[in-house]
Amino acid sequence: MTLNKKGAVQIFNSIRREANKSADALKNEGIPRIYIGKATCGIAAGALDTQRSFEEALKELGVNAAIRSVGCFGHCYAEPLVIIDHPASGLPPVFFPNVTPGKARMIIKSFLLEGDPLFEHMLGSVEPNDMVPSVMDYPRFKLEKRLVMERCGLIDPEDIFEYIALGGYSSLLKAVQSSQREIIREILLSGLRGRGGAGFSTGEKWEMARAISGREKVVICNADEGDPGAYMDRTILESNPHQIIEGIAICARAIGASKAIVYIRAEYPLAAQRVKIAIKSAEKLGILGKGVLGSDIDF
């Protein structure tokens, strides 16, 4: 490999500056932000109708606010679920559950226009604070430490800059600068194992694939869920597809593959759509494709 490590860092830092600039612009708008969960669970519960009601109420009542789409929050029973971030209220961002079109209009009129936060309709706050109980203190999440799905529901799955601004693709940068053996050594030391039930060592699997020579290698991400009602893969695909793409790209770098296939069953059209959008966004920035981050690695 003839990678200029300094060049890769410069290219990525340029992308990250653009992402941070986009994030800062959103944060400094100074207007209320309405985050609507639009994964399959939210859409099935009526999130699209809820969004239309928000849009109509904002226009009719003359309220200036931004509507943002995010993925699954992990509270599917409470869909359509909405986060209202209203800085002028002095409150932290808060969840409102089961937001029907009628409730959407009520939130705009009472909370954003008249200053009544509607405590009786809240599920809880997004983050710990001294005013509203955090949903992370509820039994649903209290005994859980979110790792894989940490960002699900908090970022727009179709906006690559939101992922990068939160540290996304920095691990791929590190992998591009590392040798295959260094990547695999780190995976082995991490103790990472397969999540399908067998618990096979990921590092050992990658080392076996790396050791094979003279054949084209393809990374396959099996996003099929065979168990009825399973929702793990779909949640990540719909809510944070760049996380999956970054992991695939790191694996490809480690084993010497230049192609990958993501298998998504036909019943998950939203997941397939968001992964396609994510791939195109990454290619546009030079994170995927020919010469990843200015290197001689094609993926």
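**Exercise 1. Helices α9 and α11**

Task: In this predicted model, how are the axes of helix α9 and helix α11 placed relative to each other, and which residues meet?

Solution.
- Step 1. Locate the helices: α9 covers residues 202-211 and α11 covers residues 241-255.
- Step 2. Take the distance and the angle. The two axes come within 8 Å and cross at roughly 50 degrees.
- Step 3. Classify the angle. Angles under 35 degrees count as roughly parallel and those from 65 to 115 as roughly perpendicular. The crossing of roughly 50 degrees fits neither range, so α9 and α11 are oblique to each other.
- Step 4. List the residues in the contact. From α9 come Trp-206, Ala-209 and Arg-210, and from α11 come Ile-250, Cys-251, Ala-254 and Ile-255.
- Step 5. Sort them by class: 6 are nonpolar, none is polar and 1 is charged.

**Exercise 2. The order of the sheet**

Task: In what order do the 5 strands of the open sheet lie, and which are the edge strands?

Solution.
- Step 1. Read across the sheet: the order is β2-β1-β3-β4-β5, and the pairing is mixed.
- Step 2. Find the strands that pair on one side only. These are β2 (66-70) and β5 (124-125), the edge strands.
- Step 3. Examine one pair. Strand β1 (residues 33-37) is antiparallel to strand β3 (residues 82-85), with 4 bridges between them. In this pair, Arg-33 stands opposite Asp-85 of β3.
- Step 4. Add the helix. Helix α3 (residues 47-61) lies across β1, β2 and β3 and runs at about 165 degrees to β1. Angles over 145 degrees count as roughly antiparallel, so α3 runs roughly antiparallel to β1.

**Exercise 3. The loop between β2 and β3**

Task: Is Phe-73 buried or exposed, and with which residues is Phe-73 in contact?

Solution.
- Step 1. Place the residue: Phe-73 is part of the loop between β2 and β3.
- Step 2. Compare the accessible area with the cut-off. Buried means under 20% relative accessible area; Phe-73 has 3% and is therefore buried.
- Step 3. Collect the contacts, setting aside neighbours within four places in sequence. Among them are Tyr-35, Gly-37, Leu-81, Ile-83, Phe-95 and Phe-141. Others include Glu-79, Arg-146, Cys-152 and Gly-153.
- Step 4. Check one separation. Leu-154 is 81 residues from Phe-73 along the chain, yet their C-alpha atoms are separated by 7.4 Å.
- Step 5. Turn to Pro-80, which is also in the loop between β2 and β3. The peptide bond from Glu-79 to Pro-80 is cis, with omega near -5 degrees.

**Exercise 4. Positive phi outside glycine**

Task: What are the phi values of Tyr-169 and Leu-293, and where do these residues lie?

Solution.
- Step 1. Tyr-169 has phi near 70 degrees, a positive value in a residue other than glycine. Tyr-169 is in the loop between α6 (160-165) and α7 (170-177).
- Step 2. Leu-293, not a glycine, has a positive phi of about 50 degrees. Its place is the segment after α12 (269-284).
- Step 3. Check burial. Relative accessibility is 1% for Tyr-169, which counts as buried. Leu-293, at 2%, counts as buried.

**Exercise 5. Salt bridges between separate elements**

Task: How many salt bridges does a search of the whole structure find, and which elements does the pair Glu-60 and Arg-105 tie together?

Solution.
- Step 1. The search of the whole structure finds 14 salt bridges.
- Step 2. In one of them, the side chains of Glu-60 and Arg-105 meet with an N to O distance of 2.9 Å. Glu-60 lies in helix α3 and Arg-105 in helix α4 (residues 101-113), so the pair ties together parts that are 45 residues apart in sequence.
- Step 3. Compare the partners. Glu-60 is exposed at 57% relative accessibility, whereas Arg-105 is partly exposed at 33%.
- Step 4. Take a further pair. Glu-216 forms a salt bridge with Lys-259, their closest N and O atoms being 3.3 Å apart. Glu-216 is in the loop between α9 and β6 (218-222) and Lys-259 is in strand β7 (residues 259-263), 43 residues apart.
- Step 5. Glu-216 counts as exposed at 56%, and Lys-259 as partly exposed at 45%.
- Step 6. Finally, salt bridges that share partners join Arg-68, Asp-159 and Glu-162 into one network.

Definitions and conventions
Residues numbered from 1 in each chain as written. Predicted model: local features only at pLDDT ≥ 70, side-chain atom pairs only at ≥ 80, totals over all residues. Heavy atoms only, no water. Pairing = 2+ DSSP bridges. Helix = DSSP H or I, 4+ residues; strand = E, 2+ residues; numbered from the N terminus. Contact = heavy atoms within 4.5 Å. Axes fitted to C-alpha atoms, helices over the stretch in contact; angles between N-to-C directions. Buried < 20%, exposed > 50% of the residue type's maximum accessible area, 1.4 Å probe, protein only. Nonpolar A, V, L, I, M, F, W, Y, C, P; charged D, E, K, R; others polar. Salt bridge = Lys/Arg side-chain N within 4 Å of Asp/Glu carboxyl O.
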